[in-house]
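Subject: the two-chain structure

Hi,

Here is the structure I promised to pass on. Have a look at it first, and my notes on what turned up follow below.

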Amino acid sequence: MSRRKDNYETSRWRQFMQWLAGEIDPLTAAKVGMIQEKAETLPDEKMERGKVSTLQATPGNESDEREAHSAAAQAEKAAGQAKSAMAAEPWLNQPSGESRGLRLYRRFYQVMSILLCMGIISVLLWTIAYLPIFGNAGNPDNNEVSARYIEKGLDETGAVNMVTGMILDYRAFDTFGESCVLFIASCCVLVLLRIDNDGGSESWKKRQTEANDRIFEPKNDIILQKCACVLVPVILVFGIYIILNGHLSPGGGFSGGAVLGSGLILYLNAFGFQKAERIFNGKIYQRITVSALTFYCLAKSYSFFTGANHLNSGIPLGTPGNILSSGLILPLNICVGLVVACTMYAFYTLFRKGGM
Amino acid sequence: MASHLLYNIEETVAMILFGIGFTMLLLHRNLIRKIMGMNIMDTAVYLFLAAKGYIKGRMVPIVTDGILDASAYMNPVPSGLVLTGIVVSVSTTALMLALTIRLYERYHSLDLDQILIQVKKEEGS
């Protein structure tokens with residue numbers, strides 16, 4: 001589908017326009033185009049040319065024989081290429097009736113999938129037409145739940161940012177599940193992409209050389225390093241700021257963690273794996289992530305002992321608006337931020353070199 | 001009816017984006033493009049949720065000047081849902097890309113049809 005075609009005469013659009021004008025029948029045209037394509041990919045022409053050159057070269061002296069050998073090798077190469085081309089498009093090998101069926105099936109599949117998607121879009125738009133008007137205060141989704149979060153949120157959680165108060169206090173278990181999803185995803189990627197040292201087998205050596213190629217890809221680029229010297233501290237400080245002010249301003253653990261992770265990735269790109277592993281490696285990743293998740297789990301498990309009501313933590317809420325306020329929200333934000341930053345960095349290193 | 005589509009232009013765009021992503025999932029045979037289609041579908045869902053939480057003429061749900069009135073702020077619930085969705089989408093995208101890398105290492109192709117043909121051949125032999 002994504003194949004580029006330079007010749008307009010045999011393009012599908014041209015065929016479609018001809019079909020619209022009633023000049024051709026699309027099925028026979030498709031067959032003709034297919035046969036032409038098949039003729040183009042056949043290796044016979046190149047083979048014959050090579051054979052002719054070998055025939056010409058045989059009644060001669062040694063140098064001619066060498067030429068003949070090279071010509072024969074070229075012919076074999078061409079045949080091999082053509083064979084690989086045939087292998088790449090196996091339906092070309094089959095008899096024409098079957099390949100025509102396959103082509104028809106393909107076109108049928110495309111048309112049906114487009115029709116299906118059009119149907120889905122139209123059903124969804126039909127539903128949209130019955131939805132209440134956008135931005136109206138009386139819409140049924142602005143019900144007593146959000147009113148309760150807004151009116152009582154500051155008193156009960158102490159968080160100025162109501163979204164943070166909601167996701168880290170009222171719905172803290174939901175956020176715990178999200179952090180676990182991130183952790184499990186990074187574990188799965190680690191399992192899938194890890195390069196094991198299993199005694200120097202062939203596949204391991206091959207993957208190791210590929211990974212080495214990826215590790216040493218950026219040579220010490222002076223411009224990147226100077227820019228990173230300026231940018232990385234700023235990015236890291238900004239990420240920490242977003243995490244620590246999660247209950248006061250827009251932001252929080254997830255966004256701040258993403259900023260921290262991107263700063264670490266920039267450092268890694270500028271200075272290479274050897275320097276980056278001095279400050280962050282697999283062991284530190286494990287310790288930080290597991291301890292953050294354990295702290296989160298323990299800090300929120302007390303609600304099982306207080307009648308499944310999260311709101312009585314015993315920690316004073318403090319003055320709303322201060323950094324040290326709103327009870328457990330700040331430590332939980334830090335935990336989430338650490339998990340997210342570690343996971344982002346882990347994704348990057350795993351995809352790039354297959355290990356931490 | 002049709003005028004509602006114009007009033008709800010954000011939701012309309014979200015649904016069309018969702019359809020485009022679904023079409024990419026069905027039509028493209030390249031696995032990376034299928035993943036792109038999934039991400040477009042994710043984005044459409046975020047757009048829909050964020051549009052549902054917006055209320056005209058109200059502030060973002062961060063307490064300012066000590067106002068604690070429900071009629072002064074937007075709905076904070078969809079924002080939390082979008083946050084959840086983004087995290088899950090990042091995780092699933094990373095997982096799918098890792099699986100794609102393993103498939104490419106095994107079959108040396110990103111084309112789903114080629115991979116299936118090779119799997120059938122291996123099963124047959």
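I'll start with one residue, I288(A), which comes out as partly exposed because its relative accessible area is 22%. Before going further, please keep in mind that this is a predicted model. I288(A) sits in helix α12 of chain A, which covers residues 282-301. Leaving out residues up to four places away in sequence, I288(A) touches F280(A), L338(A) and C342(A). L338(A) is 50 residues from I288(A) along the chain, yet their C-alpha atoms are separated by 7.1 Å.

While we are in that part of chain A, a word on α13(A). This helix has 25 residues and spans 36 Å from first C-alpha to last, close to the 36 Å expected at 1.5 Å a residue. It is mostly covered, with 19 of its 25 residues buried.

Now the overall make-up. Chain A has 13 helices and zero strands, and 37% of its 356 residues count as buried. Taking the contacts in chain A with a separation of 6 or more, 70% are between residues 24 or more positions apart. Chain B is written with five helices and, again, zero strands. Of its 125 residues, 38% count as buried, and the share of contacts between residues 24 or more positions apart is 47% of those with a separation of 6 or more.

One helix of chain B that I looked at is α2, residues 9-27, with 19 residues and a reach of 27 Å, close to the 27 Å expected. Its buried residues include E11(B), T12(B), M15(B), G19(B) and L27(B).

On to the interface, which is probably what you'll want to look at on screen. How many residues of each chain are in contact with the other? For chain A it is 59, and for chain B it is 55. Together the two chains bury about 5,300 Å², and 72% of that is on carbon and sulfur atoms. There are also eleven residue pairs in polar contact between chain A and chain B. On the chain A side, α5, α6, α7, α8 and α13 each supply at least two residues that touch chain B. The helix giving the most is α5(A), with 14 residues. By type, the touching residues of chain A divide into 42 nonpolar, nine polar and eight charged.

A smaller contact between the chains involves S249(A), in the loop between α10 and α11 of chain A. Is S249(A) buried or exposed? It counts as buried, because its relative accessibility is 18% and the cut-off for buried is under 20%. Apart from neighbours within four places in sequence, S249(A) is in contact with N161(A) and I62(B).

Next, the salt bridges. The whole structure has eight over all chains, and one of them crosses the interface of chain A and chain B. That one pairs D113(B) with R106(A), at 3.2 Å from N to O. It belongs to a network of salt bridges that links R106(A), R29(B), D111(B) and D113(B). Within that network, the side chains of D111(B) and R29(B) meet at 3.6 Å. D111(B) is in the loop between α4 and α5 of chain B and R29(B) in the loop between α2 and α3, so this pair ties together parts 82 residues apart in sequence. R29(B) is partly exposed, at 28% relative accessible area.

Two more pairs are worth a click:

- R148(A) and E156(A) form a salt bridge with their closest N and O atoms 2.5 Å apart. R148(A) is partly exposed at 38%, and E156(A) is partly exposed at 22%.
- E105(B) and R102(B) form a salt bridge at 3.4 Å. Both lie in helix α4 of chain B, three residues apart, about one turn of the helix. Residues three or four places apart in an α-helix point the same way, because there are 3.6 residues a turn.

Last, a backbone oddity. H108(B) has a positive phi of about 55 degrees, although it is not a glycine. Most residues other than glycine have a negative phi. H108(B) is in the loop between α4 and α5 of chain B, and it counts as exposed, at 53% relative accessibility.

Cheers

Technical notes:
Residues numbered from 1 in each chain as written. Chains lettered and ligands numbered in written order. Predicted model: local features only at pLDDT ≥ 70, side-chain atom pairs only at ≥ 80, totals over all residues. Heavy atoms only, no water. Contact = heavy atoms within 4.5 Å. Buried area = accessible area lost by both parts, 1.4 Å probe. Salt bridge = Lys/Arg side-chain N within 4 Å of Asp/Glu carboxyl O. Polar contact = N/O pair within 3.5 Å; in protein donor to acceptor, adjacent residues only side chain to side chain. Helix = DSSP H or I, 4+ residues; strand = E, 2+ residues; numbered from the N terminus. Nonpolar A, V, L, I, M, F, W, Y, C, P; charged D, E, K, R; others polar. Expected span 1.5 Å × (residues − 1). Buried < 20%, exposed > 50% of the residue type's maximum accessible area, 1.4 Å probe, protein only.
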